[in-house]
Amino acid sequence: MKMTKVNIRTLLLGLMLTGGLGFVSAQTTQTDSTAGTANTTAATTASTAQASNPTIEALKKQIEANPKDAEALAKLAGAYQEASDWTNAIDTWKKISVLLPDWAPSYYSQAYAYQSAKDDVNARLAYEKYIATVKPEEVEQNKKNLAYAYFYVAFSEQQTDPAKAKEHIAKSLQYDPTNQDAIKLSQALNS
């Protein structure tokens with residue numbers, strides 16, 4: 001069983017590196033209420049369109065035949081994200097996290113989907129899980145995503161726990177010292 005997990009991880013990593021499986025990199029939060037309304041409309045339209053999406057339907061059948069096919073699950077989660085179907089994207093990323101609990105990209109993708117669905121509490125929890133799951137040997141290749149995850153956590157803690165927010169923003173800037181939003185938040189927290 002352990003060999004299967006290694007092969008699945010290797011396969012998913014290979015897909016990520018070749019671009020066959022797209023994962024999000026650092027995202028930003030939209031604050032415009034008009035954009036939020038547009039996203040809600042787009043999500044409703046996407047859910048309707050998803051029902052007739054041949055890619056999603058084919059992947060669902062493939063997974064029905066083999067529920068532990070992590071590659072197909074990752075492709076399905078990505079397809080749901082492309083369709084802005086955040087609920088199904090989250091559920092699918094969660095299934096991958098159960099299959100591969102130490103595979104950090106699934107938590108980052110969950111966080112992105114939660115954030116896109118405007119569920120800030122669960123987005124923060126998923127970013128924290130991502131941070132905790134990245135292995136030391138994976139830090140270099142995950143710097144941008146780690147920087148964003150730390151930024152998001154710091155941003156969400158700035159009112160409730162400023163000391164923790166300062167720690168997280170310092171980590172964010174350690175991984176990406178050029179992120180202007182992180183620089184501004186650091187200045188605000190340290191002034």
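This report describes helix H6 and the aromatic rings that pair with one of its residues.

The model is predicted: local features need pLDDT of at least 70, side-chain atom pairs count only at pLDDT 80 or more, and totals for chains, interfaces and linings use all residues. Residues are numbered from 1 along each chain as its sequence is written, and side-chain values use heavy atoms, with hydrogens and water left out.

Helices (DSSP runs of H or I, at least four residues) are numbered from the N terminus. Helix H6 covers residues 104–116, which makes 13 residues. From first C-alpha to last it reaches 19 Å, close to the expected 18 Å; the expected span is 1.5 Å times one less than the number of residues. Of its 13 residues, 13 are buried, where buried means under 20% relative accessible area with a 1.4 Å probe, protein chains only. After H6 comes Lys118, with a positive phi near 65°.

The whole structure holds 9 aromatic pairs. Rings of Phe, Tyr and Trp (its six-membered ring) pair if their centres lie within 6.5 Å, and planes over 60 degrees apart count as edge-to-face. Two of the pairs involve Tyr108 of H6:

| Pair | Centre distance | Plane angle | Type |
|---|---|---|---|
| Tyr108 and Tyr127 | 5.5 Å | 70° | edge-to-face |
| Tyr108 and Tyr130 | 5.0 Å | 65° | edge-to-face |

Tyr127 lies in helix H7 (residues 120–133), 19 residues from Tyr108. Tyr130 is also in H7, 22 residues from Tyr108. Tyr108 counts as buried because its relative accessibility is 2%, and Tyr127 because its value is 0%. Tyr130 is buried too. These three tyrosines belong to one aromatic cluster with Tyr148, Phe151, Tyr152 and Phe155.

How values were computed. Helix = DSSP H or I, 4+ residues; strand = E, 2+ residues; numbered from the N terminus. Buried < 20%, exposed > 50% of the residue type's maximum accessible area, 1.4 Å probe, protein only. Phe/Tyr/Trp six-rings, centres within 6.5 Å; stacked < 30°, edge-to-face > 60°.
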